[in-house]
Amino acid sequence: MGIRDYEFRGRTYDQWELGEEYITGARTITEADIVNFAGLSGDWSATHTNDVYGKGTIYGSRIAYGNVTFIVSTGLLTQTLMFEGTTVALLDMQISYQEPVRFEDTIYCKFIPVEKRPTKTPGRGLVTFHVFVYNQNDEQVAEERLVFLISSEKGHM
Amino acid sequence: MGVLHYDFKGMLYDEWELNRAYTTGARTICEADVARYCSLSGDYSPLYTNALYAENTVYGRPIVPGGLTFIIANGLDCQTLWVDGSYIGLLDQQMRFLRPVYVGDTICLTMTPTAKRLSKKPGRGIITYRICVFNQRDEMVMDGTWVILMATDRDHME
């Protein structure tokens, strides 16, 4: 028994079935997330950090960063453990934003593998996921396409 | 004098020149950035957080999350003040991750406007940028496109 005996839970390339729908857990976006994001990214745009300014924008209040929605969605995906130890790399991402996310909104994702392609190097393949991000009212706030390089073998140390 | 009287420094829709590459300052990504990224995103993938595991990956050591490089690139853009107050909203972002980034790497980016069009609503226009992120060896680590809604005049910057 030891550190090397842990079994990673991620799905291998072959285990992903095209067209299957998966739902992640949900997370409430709080003001603390916004402040932490500003500090980490260095993006202190007034839209997100200046309440007086935010009230005068087309949104009528400060809103969450689009990129907070993005990184929280990747966290929600990771927390399903379906990528643990088998994901080799994120190769390509695209995100479009449909609705602003406001403080205290709760977001979750639906994700669907839509394309699979083996790579030249054996033992892995590319899986493209279509990801939809919704808020607590089931309104779609963002849509993503993520291309992951995924191993054909279970992860191990 | 007061909170409402700050003059925003951002460039308006018309001030961005098509096909000119605007280069930002640079930032070194440190281990604390990775830890903070994991705690904020909730993504604790062993690729960034488990050195023992990372030894046996194609990288040989932990890598920086692609999402972290991406948001630091956004921050570098904002710190130039080019979009200070003139930025209304982010519409679409695409990035290809070309090379791994490691702790200790220093990144900067170039933003090149490749397309501009006015939106239907007055006071706003849409600019498409090609975004190239480089490391300290001038190797491109990310390449992509951002579509940003930008104000066309100072009146729409409040």
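**Exercise 1. Locate the annotated domain in chain A and describe the span it covers.**

Solution. UniProt, in an unreviewed entry, places the feature "domain: MaoC-like" at residues 19–123 of chain A. The model examined here is a predicted one. In that model, the end C-alpha atoms of residues 19–123 of chain A are 22 Å apart. Helix makes up 32% of this span and strand 30%.

**Exercise 2. Give the inventory and order of the secondary-structure elements of chain A, together with its overall dimensions.**

Solution. Step one is the count: chain A has four helices and five strands. Step two is the order, which from the N terminus reads β-α-α-α-α-β-β-β-β. Step three concerns extent: the C-alpha trace of chain A spans about 55 × 35 × 25 Å along its principal axes. Finally, 40% of the 157 residues of chain A count as buried. Of the contacts in chain A between residues at least 6 apart in sequence, 74% link residues at least 24 apart.

**Exercise 3. Determine which residues of helix 1 of chain A are buried, and what covers them.**

Solution. Helix 1 of chain A comprises residues 31–41, and its buried residues include Phe37(A), Leu40(A) and Ser41(A). These residues lie on the same side of helix 1 of chain A, because they cover an arc of only 80° around the axis. The other side of the helix carries the exposed residues Glu31(A), Ala32(A) and Val35(A).

The next step is to identify the cover. Within chain A, helix 4 (66–79) takes part in covering the buried residues of helix 1. Chain B also takes part, through its helix 1 (31–41) and its helix 4 (66–79). After helix 1 of chain A comes Gly42(A), with a positive phi near 80°.

**Exercise 4. Trace the antiparallel pairings among strands 2, 3, 4 and 5 of chain A.**

Solution. Begin with strand 3 (residues 106–118), which pairs with strand 4 of chain A in the antiparallel sense over 10 bridges. Pro118(A) has Gly125(A) in strand 4 as its bridge partner. The hairpin of strands 3 and 4 of chain A has five residues between the strands, and Gly123(A) takes a positive phi near 90° there.

Proceed to strand 4 (residues 124–134) of chain A, which runs antiparallel to strand 5 of chain A and is joined to it by 11 bridges. Tyr134(A) is partnered by Gln140(A) in strand 5, and Arg124(A) stands opposite Ser151(A) in that strand. Strands 4 and 5 of chain A form a hairpin with five residues between them, and Asp138(A) in the turn has a positive phi of about 60°.

Conclude with strand 2 (residues 87–97) of chain A, which is joined to strand 5 (residues 140–151) of chain A by nine bridges, again antiparallel. Within this arrangement, Ala89(A) stands opposite Leu149(A) in strand 5.

**Exercise 5. Characterise the side of chain A that touches chain B.**

Solution. First, the contact count: 36 residues of chain A are in contact with 38 residues of chain B. Second, the contributing elements: helix 1, helix 4 and strand 2 of chain A each provide at least two residues of the side that touches chain B. Strand 2 of chain A gives the most, with 11 residues. Third, the composition: the residues on this side of chain A are 18 nonpolar, 15 polar and three charged.

The last step is the pairing between chains. Strand 2 of chain A pairs with strand 3 (residues 87–97) of chain B in the antiparallel sense over five bridges. There, Gln94(A) stands opposite Gln94(B) in strand 3 of chain B.

**Exercise 6. Check the length of helix 4 of chain B against its expected span, and state how far the helix is covered.**

Solution. At 1.5 Å a residue, the 14 residues of helix 4 of chain B should span 20 Å. The expected span is 1.5 Å times one less than the number of residues. The end C-alpha atoms of helix 4 of chain B are 20 Å apart, so the values agree. As for cover, helix 4 of chain B is mostly covered, with 13 of its 14 residues buried. Just after helix 4 of chain B, Leu81(B) adopts a positive phi of about 70°.

Definitions and conventions:
Residues are numbered from 1 along each chain as its sequence is written. Chains are lettered from A and ligands numbered from 1 in the order in which they are written. This is a predicted model: local features need pLDDT of at least 70, side-chain atom pairs count only at pLDDT 80 or more; totals for chains, interfaces and linings use all residues. UniProt positions are given in the numbering used here, feature names are shortened, and annotations may be inferred rather than shown by experiment. A residue is buried if 20 or more other C-beta atoms lie within 10 Å of its own, exposed if 12 or fewer, and partly exposed in between; C-beta atoms are placed from the backbone. The arc is that of the directions from the helix axis to the C-beta atoms. Two residues are in contact if their C-beta atoms, placed from the backbone, lie within 7 Å. Two strands pair if DSSP finds at least two bridges between them. Ala, Val, Leu, Ile, Met, Phe, Trp, Tyr, Cys and Pro count as nonpolar, Asp, Glu, Lys and Arg as charged, and the others, Gly among them, as polar.
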